[in-house]
Amino acid sequence: MRPIRLVAQAFGPFAERVEIDFRPALAQRLFGIYGPTGAGKTSVLDAMAFALFGVSSGGERTRAHLRSDLADLDMRTYVEFLFELGDRRYFVRREPEQELRSARKDSRVFAATAAVFDATGLDPDAIGLDNPGRAMAERRLKDVDEVLCNLLGYDAEQFRQVVMLPQGRFRDLLTAGSDQRSTILRGLFDVSVFERFAERLKSRAAGLEADVLNARREIETRLADLGAASAETVQAMIDERRTALAAAEAERTELEARRTAAEAAWAAGRALAERFTEATTADAALVQLQGQAPATAAKRLRLEQAQAARELVPLQTAASRAATEASRRASEVADLAYALEGARRGAEEAEAAAAASRLEAPRRGALQEAREAAARRLDRVKAAAPLQAALAEAERQFTEAETNAAKAGVAVEQARRGLDGAEQNLAAARQRTERAGGLALSLEKLRQASAAARAYEVQQALAATRRATLSEAEAKLAEADAAARDLDTCLAELRSRTQAAHAVQLASELRDGAPCPVCGALEHPAPARGALAGEDPADLRAAEAAAGLGREAVGRAQTAAAEARALAADVAAALAGQTAPEQPAAVLAAQVTAAEAELADLQSAPGTPAAEAALGAAADALQSAESEHRSTQADAATLASALEGRRAALATELATVPHELRTPEAAQAALNAAASAEAAALAAHQAAEAHAASTTQALAVESATLEARRGEAGRADATAQAAAAELAAAIAARGMTPELYAAAAKDIGQIEVLIAELAAHQDALAAAVDRQARAARAVEGATAPDLEALAAAKAAADTALTTRLEQTANQTAELQGWTAAQARIAESQQRQTEAEAAFATVGELSRLAQGRNPLRMSLVDYAVAAYFEDVLEAANIRFRRMSQGRFELRRKTVAQDGRSRAGLEILVYDAHSGRERDAQTLSGGEGFMAALALALGLSDVVQAESGGVKLDAIFIDEGFGHLDEQSLDRALDTLRDLVGEARAVGVISHVDLVKAQIPAGFDVTPNLRGSRVAARAV
């Protein structure tokens, strides 16, 4: 981080606006910030720390205490900081929570605000609040803090220990514990690859351990489901079921043969029964057809009569046509006679209407006079058109003025409501500010409680897992120990029996007077008795091998139990050192989420300044609306007076014209109506005269047509009578009465059907005779079968076979189920074996990476320790020089006890005593030199690391007063060596010798109106 410009207003001792341009000082690489005690030198660092992290450089001053007590009550406190990271440039503005006095002399509290911008590419001198660059985060403090921490690569605590070394905390990095130093170094060096590797190892080991347990549970569950004690029991059950299935298959074959024979007998019986049924059916069919002879004769008579009637169809058609034509002619004459009578009445009515119209001549004259009077009114109204236009304009202006006055009244009401709303919004904004302040404090406590609860619950879950693992390991140890004892007992018995057999064998070979091959005695008073047969040597060797394996299994089980016991003890100890949370982590997390959401809503809502500005704007708007309302009301009153004058002038001009006709449109409409009435009366008279003439002429034409149609009707009637007489003669000639002819005529359409039905009957009769003969021959000499007995035999065979097939299917399915279960058990055993083999390696690596090793160092801490070695090596280059070779910083590699971690503790080697001692034993001056060397060494290594944090500048606040003159010279010489390197160092001091040797920088001068900062002349 390279500072460019710092602006602070009403901040700390700076009552007014102070601007510090670091560029000239950075060009010198080594510069100072000088001033008397209490002038505000540290406040320069406080301003930078507040801009970046919202805290002071030392962490002692709260945000509320950062505002200057000397500033005017209406002057806003803020800090603006422009800095660079590599080739990128950033601008930060931050304001603390503060109470200010408004223009109305009342005070209100403003919430804290912050914003960070990317100003890369902009002219540094032109960057400011009105030209800040691209916004990266605004409004929400949490978002701004997160963006800045991500950009810088460290938080406020790390900033104080490696970039800005504040008063009273200069030695923190030197004397920090392993845990704290590990946190600092992890933030500065990229050890994420080790973290990810360790986490993947842990996750992989947990997964493999779960795979082993899952496979073991699967095997136990599958065996329990089968009711089997072991995989060997499963195999025995499968063999038993295969034997039973083979016997069932033999029985099935025999039952299938029986069913085939029963089916053949039943099929033959059914075929014979069908032939007997056919013979009976054929006899019945023949008898039925022979009984239809009378109906067939009647049908043949209908056919003959229908054929005779068909010959008379032409005469019948001609008589019908003649009768129809005569009827049509008679109807036409009647219609014409009725129409003629109507025409006669119409002519009489038309003549009467024409006579009446002739009598309306006076009314038509009156309509003409009314039209002429309407024309004269129209001329007078047109002459008064200018007066009417003036009146309309006056009415329009008055209406517009009234509308404007009404709108202004509405605007006044709206402005009053807006003022009320603005006052309510201001009150609500002040309440939100107060609520946000209290909620922020509560939220931080909730976050801490939630994190503690999560950690406690994780430890609880881990403790439960470790206890279960320990119980399982102890159970396995007990099993292994019992099995080993059983094997040892068996081995002892085998050895005892073998020795007894050897003694009997030797006794059988003893002879009186001959020496015993074992003891050499010549007398044998009590030789061993018993069987000569001994144990098989192979059995003895197998028992010895089994006993050895049992003891090895006990050893492995003891090791596993000891490891599980140690892990369980570690977790139990860690859990005992924690306080149980008052609420579950999930409840606290929900409370944190709710509080964050509420705080975000409060912070995103409009603040008090905006509400106050809105209130002022609402008051101005009400005043303006009331003024506009009064103006529009006055304009409306003036226009109302002018409107009355226009109306009086127009009434005088049109006094003789009815009120409803005083507009050109109304007068024109009245004229049009009068003209239309006159034209309608004349047209009606002319139409009545024309209609009377046309109806008289039509009456004469229709009379002539009626006489002609009467002659044609007489001739058609004579033709119809002649045709009817000819048809009657023809019917009589064929020996039929009219009624019989009418009945026969109905069957003319059925002639072909009757012919077909008679032919079909004849064919059916012949077929029935043939069928009866064939059916009789088919059953000749045979006896009807007993189908019920045959069907019962077939059903019994089917039932027996079906039952056997179902049983066989069930046996097959059962065998398949056992076989499938055996395969799944084998798969689970294979997975268990593979998972155990993998877990043996990965689990051990994970335990080592997690810190369960002699050094009790995790893989990440080991990597950090390697970086720390480089830091100490770089620090010692300067520390040895400043201490004239006396002191050297070393890393403690051995833990103080078996439970603490090692690797990041610092020891100081003292060449005068030849011993190492704790860094906290250094004196003030020695500690200052050691801390300075450590900070510079850390800066060297961080800068050199690829992807490391950029430390372009380091600030040292005091500490030089602890050094004697020679030590101070050596410390300053060390700082001067950095001038040629890629970083700058700023020192804060009141020591005159430091000012003399480092002239570049800034002077902080106090006065009654607050301190001021000025660049020093070089």
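Let's start in the middle of the chain, with Glu474, which you'll find in helix H12, spanning residues 385-509. Keep in mind as you look around that this is a predicted model. Glu474 is partly exposed, at a relative accessible area of 35%. Pick out Ala545 as a partner to compare: it sits 71 residues from Glu474 in sequence, and the two C-alpha atoms are 24 Å apart in space.

Stay on H12 for a moment, since Gln459 lies in this helix too. Which residues does Gln459 touch, once its neighbours within four places in sequence are left aside? The answer is Val571, Ala574, Leu575 and Gln578. Take Leu575 from that list: 116 residues separate it from Gln459 in sequence, yet from C-alpha to C-alpha they are 6.1 Å apart.

Leu441 is another residue of H12. Is Leu441 buried or exposed? Its relative accessibility is 61%, so Leu441 counts as exposed. If you look from Leu441 across to Leu129, you are looking at C-alpha atoms separated by 29 Å, with the two positions 312 residues apart along the chain.

Now for helix H10, residues 313-358, where Ser331 lies. Ser331 is partly exposed, and its relative accessible area is 39%. Here's a pairing that spans a long stretch of sequence: Ser331 and Ala713 are 382 residues apart along the chain, while their C-alpha atoms are 9.0 Å apart in space.

Next, try a helix with a clear inside and outside. H14 covers residues 585-604, 20 residues in all, and from first C-alpha to last it reaches 28 Å, close to the 28 Å expected at 1.5 Å a residue. Its buried residues are Ala585, Leu588, Val592, Ala595, Leu599, Ala600 and Leu602. Why do they end up on the same side of H14? They cover an arc of only 160 degrees around the axis, and that is what puts them there. The general background is handy here: an α-helix has 3.6 residues a turn, so residues three or four places apart point the same way. On the face of H14 turned away from the buried side, you'll meet the exposed residues Ala586 and Asp601.

Helix H7 can be looked at in a similar way. It runs over residues 192-226, and its 35 residues should span 51 Å at 1.5 Å a residue; the end C-alpha atoms are 50 Å apart, which agrees. Among the buried residues of H7 are Ala198, Leu201, Val212, Ile219 and Leu223, and Arg216 is buried as well. Just after H7 comes Gly227, with a positive phi of about 70 degrees.

Two other residues have a positive phi without being glycine. One of them is Arg29, with phi near 70 degrees, placed in the loop between helix H1 (23-28) and strand E3 (30-34). The other is Gln884, with phi near 55 degrees. Look for Gln884 in the loop between helix H20 (859-882) and strand E11 (887-892). Gln884 is exposed, at a relative accessible area of 60%.

On to the interior. In soluble globular proteins, nonpolar side chains tend to be buried together. In this model the largest nonpolar core has 51 residues, and the members touching the most others are Met1, Leu6, Phe22, Phe31, Phe83 and Phe159. The largest share of this core, 9 residues, comes from helix H2 (residues 41-53). Zoom in on Phe159 and, setting aside neighbours within four places in sequence, you'll see contacts with Met1, Ala49, Leu52, Phe53, Tyr154 and Met164. Apart from this core lies another, of 47 residues, including Ala863, Leu936, Val941 and Ile998.

Finally, the rings. How many aromatic pairs does a search of the whole structure find? It finds 9. One stacked pair is Phe879 with Phe887, 5.7 Å centre to centre and with 15 degrees between the planes. Both of these residues, Phe879 and Phe887, are buried. Elsewhere, Phe22, Phe31, Phe955 and Phe1002 form one aromatic cluster. Charges turn up over rings too: the charged end of Arg76 sits over the ring of Phe110, 4.7 Å from its centre, and that of Arg94 sits over the ring of Phe50, 6.0 Å from its centre.

Notes:
Residues are numbered from 1 along each chain as its sequence is written. This is a predicted model: local features need pLDDT of at least 70, side-chain atom pairs count only at pLDDT 80 or more; totals for chains, interfaces and linings use all residues. Side-chain values use heavy atoms; hydrogens and water are left out. A nonpolar core is a set of buried Ala, Val, Leu, Ile, Met, Phe, Trp, Tyr and Cys residues joined through side-chain atoms within 4.5 Å. Buried means under 20% relative accessible area, exposed over 50%, partly exposed in between (1.4 Å probe, protein chains only). Helices (H or I, at least four residues) and strands (E, at least two) are DSSP runs, numbered from the N terminus. Contact means heavy atoms within 4.5 Å. The expected span of a helix is 1.5 Å times one less than its number of residues. The arc is that of the directions from the helix axis to the C-beta atoms. Rings of Phe, Tyr and Trp (its six-membered ring) pair if their centres lie within 6.5 Å; planes under 30 degrees apart count as stacked, over 60 as edge-to-face and the rest as tilted. A charge sits over a ring if NZ of Lys or CZ of Arg is within 6 Å of the ring centre and within 35 degrees of the ring normal.
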